[in-house]
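Dear colleague,

I am handing over the structure we talked about, and it is placed just below so that you can keep it open while you read. After it I have set out what was found, taking the domains, then the two ligands, then the strands.

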Amino acid sequence: MFCYQCQEATKNDGCVIRGICGKDERLAALQDYLLYALKGLSAVGMRAPAGVNDPATDLFVAQALFATLTNVNFDPERIFALTQEAFARRDTLRPRVHEARHAAGLSCPTPLHESGRYPAEGDLDAYAARGAEVAPAAHPHPDADIQSLRELLTYGIKGLAAYCDHAYVLDHGSPELLTFIQEGLAATLDDTLGVSELVALSLRCGALGVGAMALLDAANTGRFGHPEPTQVSLGVRAGAPGILVSGHDLLDLYEVLQQTVGTGVLVYTHGELLPAHAYPAFKAFPHLAGNYGGAWWEQQRDFAAFNGPILVTTNCIQTPRESYSERLYTTGMVGFAGVAHIGERAPGGQKDFSALIAQAQASQPPLELETGSVLVGFARKAVLDNAEAVLAAVQSGALKRFVVMAGCDGRHKEREYFTEVAQALPQDAIILTAGCAKYRYNKLNLGTLGGLPRVLDAGQCNDSYSLVAVAQALAAAVGAAHINDLPISYDLGWYEQKAVLVLLSLLHLGVKGIRLGPTLPAFLSPNVTALLVQAFDLKPIGTAEADVAAMMVGA
Ligand code: SF4
Ligand code: SF3
């Protein structure tokens with residue numbers, strides 16, 4: 001196997017024997033074969049004249065791609081089934097495309113890539129063997145920069161697919177986004193595309209990323225209201241058992257809350273579901289008891305101590321410990337071999353969480369891990385409602401700099417850098433955050449500035465749009481020509497592929513001087529890195545002390 005799609009790739013080079021995430025060689029090969037099948041399906045789809053594509057297939061491509069994101073699906077049977085479905089959909093679509101092109105008098109100038117034609121036969125072991133053969137790393141492009149850019153595009157598209165899935169769950173769709181996912185996947189097969197075309201496609205992926213995040217923002221706020229500043233309890237309520245909901249899916253959490261009303265079961269959030277507490281629709285449930293534990297990589301400690309059932313709705317899932325595997329449930333695109341899975345909702349219906357509720361009622365209450373509270377809910381509306389105070393603080397010099405410290409958390413010690421930066425930033429700087437990166441500093445109590453907390457938490461990584469919207473609104477308010485002209489620095493932590501999309505989105509917006517860490521992506525070749533440095537002044541992180549000093553003077 002060879003995988004280097006996330007920040008924790010072994011030695012910042014690539015995982016070759018087993019993933020740090022727990023992905024083994026067989027699963028890696030199966031995921032590679034799924035990606036190959038999706039590329040083939042996309043190559044067929046991109047030949048379809050208007051009106052021939054099947055919207056269900058377009059959505060399937062995004063959802064199946066989401067299953068290959070880091071820490072989403074570790075179930076070989078599910079990946080195998082998705083690959084079979086990709087081939088079946090391809091084999092249904094291909095004759096329809098052929099006939100439609102024929103009827104329209106269109107020829108097919110280039111032969112279809114073999115992934116669009118390869119026979120679908122075989123069992124799971126055959127798929128794994130074939131996946132190892134066709135994996136991008138098994139036959140890299142002879143030009144390392146083309147290979148690097150194909151991977152950059154693929155990972156950006158995986159992030160886009162994840163955002164699309166989230167928006168579609170809330171009935172917010174965009175055929176344009178789904179079409180681009182297929183266009184981009186098909187482009188990674190196209191040997192006629194060079195560096196400039198692949199860079200342009202990557203930036204277009206970033207542009208569509210902004211659109212996807214805006215769509216998701218509309219989906220979330222339309223359904224659940226605008227987040228409001230809210231203190232969230234970190235402790236546990238004595239005497240009652242609970243269900244712990246992790247991942248990013250707000251609708252799953254909402255349905256768990258609805259189904260637990262009057263059952264005596266409390267509901268706690270974990271990881272990236274912490275921001276749910278800020279939405280009016282969630283605040284209406286008195287049995288939404290608080291947030292339990294830390295970021296995704298602390299789940300083995302957190303889940304073991306929780307005592308009750310745990311639902312993982314999206315990334316990031318880790319290999320479960322025996323102590324809680326019987327209490328663990330996955331849903332949506334998440335999977336883990338041997339872990340119970342909650343199926344999809346029927347049209348107009350809800351998922352069935354009765355098994356978790358029954359198990360919770362027979363469980364002990366959670367062990368208390370910590371006490372106190374954290375302040376969440378500073379998404380775009382809450383910040384812009386305070387725009388006058390923010391601008392006054394900037395104009396008086398009381399607020400010298402915003403530092404965007406969004407993105408992901410991870411298990412490696414190097415991420416202590418982000419805690420050190422948060423602590424070292426002077427009192428006249430405010431941190432804007434979104435994503436699980438915040439767990440490195442959101443419980444530090446860094447004080448207030450001009451009546452606002454010095455850590456403004458916009459929400460999940462899925463809410464990164466809020467940070468863009470706030471920057472754009474502030475730029476407009478002060479008459480700045482570009483958000484680069486504001487006193488804002490970017491110090492991003494990345495881990496998985498949604499963060500790759502957020503990076504591409506910021507580059508598309510022309511944001512310069514982003515610091516990225518703990519390491520730059522292993523999939524960027526030296527020349528592609530140099531290109532990003534030259535065009536966008538992208539920088540690796542340094543020491544906290546040096547980076548804080550540089551950021552405070554706009555460097
Ligand atoms: Fe390694 Fe990350 Fe790939 Fe897992 S997803 S195998 S940790 S590079
Ligand atoms: Fe985190 Fe997995 Fe990226 Fe949502 S939960 S930001 S890593």
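**Domains**

In this predicted model, the centres of domain 1 and domain 3, taken over C-alpha atoms, are separated by 34 Å. The contact between these two domains takes 12 residues from domain 1 and 14 residues from domain 3, and together they bury about 1,300 Å², with 51% of that area on carbon and sulfur atoms. To place them along the chain, domain 1 covers residues 1-139, domain 2 covers 230-361 and domain 3 covers 378-551.

**The two ligands**

Which residues surround ligand 1? Its shell is made up of M1, C3, Y4, Q5, C6, A9, C15, G19, I20, C21, K23 and T70, and by class these residues divide into eight nonpolar, three polar and one charged.

Ligand 2 has a shell that draws at least three residues from each of domain 2 and domain 3. The residues around ligand 2 are H248, E272, W296, N315, C316, G407, C408, C436, C461, Y495 and E496, and they comprise six nonpolar, three polar and two charged residues.

**Strands and sheet**

If you turn next to strand β2, which spans residues 230-233, you will find that its side chains alternate: T230 and V232 point to one face and are buried, whereas Q231 and S233 point to the other face and are not buried. Strand β2 runs antiparallel to strand β10, residues 373-376, and four bridges join the two; within this pair, V232 of β2 stands opposite V374 in β10.

A separate point to look at is an open sheet of six strands, which are paired in the parallel sense and follow the order β15-β12-β11-β16-β17-β18. Why is one side of β15 and of β18 left without a neighbour in the sheet? Both β15 (455-457) and β18 (539-540) stand at the edges, and each has a single partner strand, so one side of each remains without a neighbour there. For β18, the pairing with strand β17, residues 515-517, is parallel and extends over two bridges, and in it L516 stands opposite P540 in β18. As general background, the strands of a sheet pair through backbone hydrogen bonds, in either a parallel or an antiparallel sense.

With kind regards

Conventions. Residues are numbered from 1 along each chain as its sequence is written. Chains are lettered from A and ligands numbered from 1 in the order in which they are written. This is a predicted model: local features need pLDDT of at least 70, side-chain atom pairs count only at pLDDT 80 or more; totals for chains, interfaces and linings use all residues. Side-chain values use heavy atoms; hydrogens and water are left out. Buried means under 20% relative accessible area, exposed over 50%, partly exposed in between (1.4 Å probe, protein chains only). Two strands pair if DSSP finds at least two bridges between them. A residue is near a molecule or strand if one of its heavy atoms lies within 4 Å of it. Ala, Val, Leu, Ile, Met, Phe, Trp, Tyr, Cys and Pro count as nonpolar, Asp, Glu, Lys and Arg as charged, and the others, Gly among them, as polar. Domain bounds come from an automatic or database domain assignment. Contact means heavy atoms within 4.5 Å. Buried area is the accessible area (1.4 Å probe) that two parts lose on being put together, summed over both.
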